[in-house]
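Dear colleague,

Here is the structure I promised to hand over, with the sequence alongside. Below it I have set out what was found, grouped by the kind of contact, so that you can follow each item in your own viewer.

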Amino acid sequence: QVQLVESGGGLVQPGGALRLSCTASGFTFSRYRMRWYRQAPGKERELVAGISTGDIATYADDVKGRFTISRDNAKNTVYLQMNSLKPEDTGVYYCSAVQVTAYWGQGTQVTVSS
């Protein structure tokens, strides 16, 4: 069955870095656009970054220059490198695979706090 499993979240101080991973199974990963979303406490889920099947990356304005999305089709994995983290980056981060339908992972918690 389809699975997306995120990992790499945790507690980090402001200015620190984390690398999130999302490993997929049960579908042809290379044919799907991949996205990272986050949901902060009390807020709606928002799109953070996306990467096309052709490796074209897009970012939300507030993470440009700090976050980098990448994919490894041989490993069925999408990554989100997060640098210069801020407290407002805190939230649950979800990966999503998008084609005609969308698949979602269960999320990984990222907390940026001193």
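In this predicted model, Cys22 and Cys95 are both buried. These two residues are joined by a disulfide, with 1.9 Å from S to S, and a search of the whole structure finds 1 disulfide. The link of Cys22 and Cys95 is right-handed, with 40° about the S-S bond. Because Cys22 belongs to strand β3 (residues 18-25) and Cys95 to strand β9 (residues 91-98), the pair ties together parts that are 73 residues apart in sequence.

The charged side chains come next. Searching the whole structure gives 5 salt bridges, and Arg38 is a good place to start reading them. Arg38 forms a salt bridge with Glu46, at 2.7 Å from N to O, and a salt bridge with Asp89, where the closest N and O atoms are 2.9 Å apart. Asp89 is found in the loop between β8 (77-82) and β9, while Arg38 is in strand β4 (residues 33-39), so this pair ties together parts that are 51 residues apart in sequence. As for the surroundings of these residues, both Asp89 and Arg38 are buried; the relative accessible area of Arg38 is 3%, and since buried means under 20%, Arg38 falls within that class. Glu46, on the other hand, is partly exposed, at a relative accessible area of 36%.

Which residues are joined into one network by salt bridges that share partners? They are Arg38, Glu46, Asp62, Arg66 and Asp89. A further salt bridge is formed by the side chains of Asp61 and Lys64, at 3.2 Å from N to O. Asp61 has a relative accessibility of 65% and counts as exposed, because the class of exposed residues begins over 50%.

Turning to the nonpolar interior, the largest nonpolar core has 27 residues, and those with the most contacts inside it are Trp36, Leu80, Met82 and Tyr93. Two or more residues of this core come from each of the elements β3, β4, β5 (46-51), β7 (67-72), β8, β9 and β11 (108-112). Strand β3 gives the most to this core, with 4 residues.

The aromatic side chains can be read in a similar way. A search of the whole structure finds 4 aromatic pairs. For Tyr37 and Trp104 the ring centres are 4.8 Å apart and the planes stand at 50°, so the pair is tilted; the tilted class covers what is neither under 30 degrees, which counts as stacked, nor over 60, which counts as edge-to-face. This pair links distant parts of the chain, with Tyr37 in strand β4 and Trp104 in strand β10 (residues 102-104), 67 residues apart. Is Tyr37 buried or exposed? With a relative accessibility of 14%, Tyr37 counts as buried, whereas Trp104 is partly exposed, with a relative accessible area of 38%. Elsewhere, Phe27, Tyr32 and Tyr103 form one aromatic cluster.

Two arginines are also placed over aromatic rings, and you may want to display them together with the aromatic residues. Arg19 lies over the face of Tyr79, at 4.0 Å from the ring centre. The charged end of Arg71 sits over the ring of Phe29, at 4.7 Å from the centre of that ring.

Finally, there are backbone angles to look at in the loops. Asp55 is not a glycine, yet its phi is positive, at about 70°. Asp55 is located in the loop between β5 and β6 (57-59), and with a relative accessible area of 49% Asp55 is partly exposed. Asn76 is another residue other than glycine with a positive phi, the value being near 50°. The loop between β7 and β8 holds Asn76, which counts as partly exposed at 26% relative accessibility.

With best regards

Key. Residues are numbered from 1 along each chain as its sequence is written. This is a predicted model: local features need pLDDT of at least 70, side-chain atom pairs count only at pLDDT 80 or more; totals for chains, interfaces and linings use all residues. Side-chain values use heavy atoms; hydrogens and water are left out. A disulfide is a pair of cysteine sulfur atoms within 2.5 Å. Buried means under 20% relative accessible area, exposed over 50%, partly exposed in between (1.4 Å probe, protein chains only). A salt bridge is a side-chain nitrogen of Lys or Arg within 4 Å of a carboxyl oxygen of Asp or Glu. A nonpolar core is a set of buried Ala, Val, Leu, Ile, Met, Phe, Trp, Tyr and Cys residues joined through side-chain atoms within 4.5 Å. Rings of Phe, Tyr and Trp (its six-membered ring) pair if their centres lie within 6.5 Å; planes under 30 degrees apart count as stacked, over 60 as edge-to-face and the rest as tilted. A charge sits over a ring if NZ of Lys or CZ of Arg is within 6 Å of the ring centre and within 35 degrees of the ring normal.
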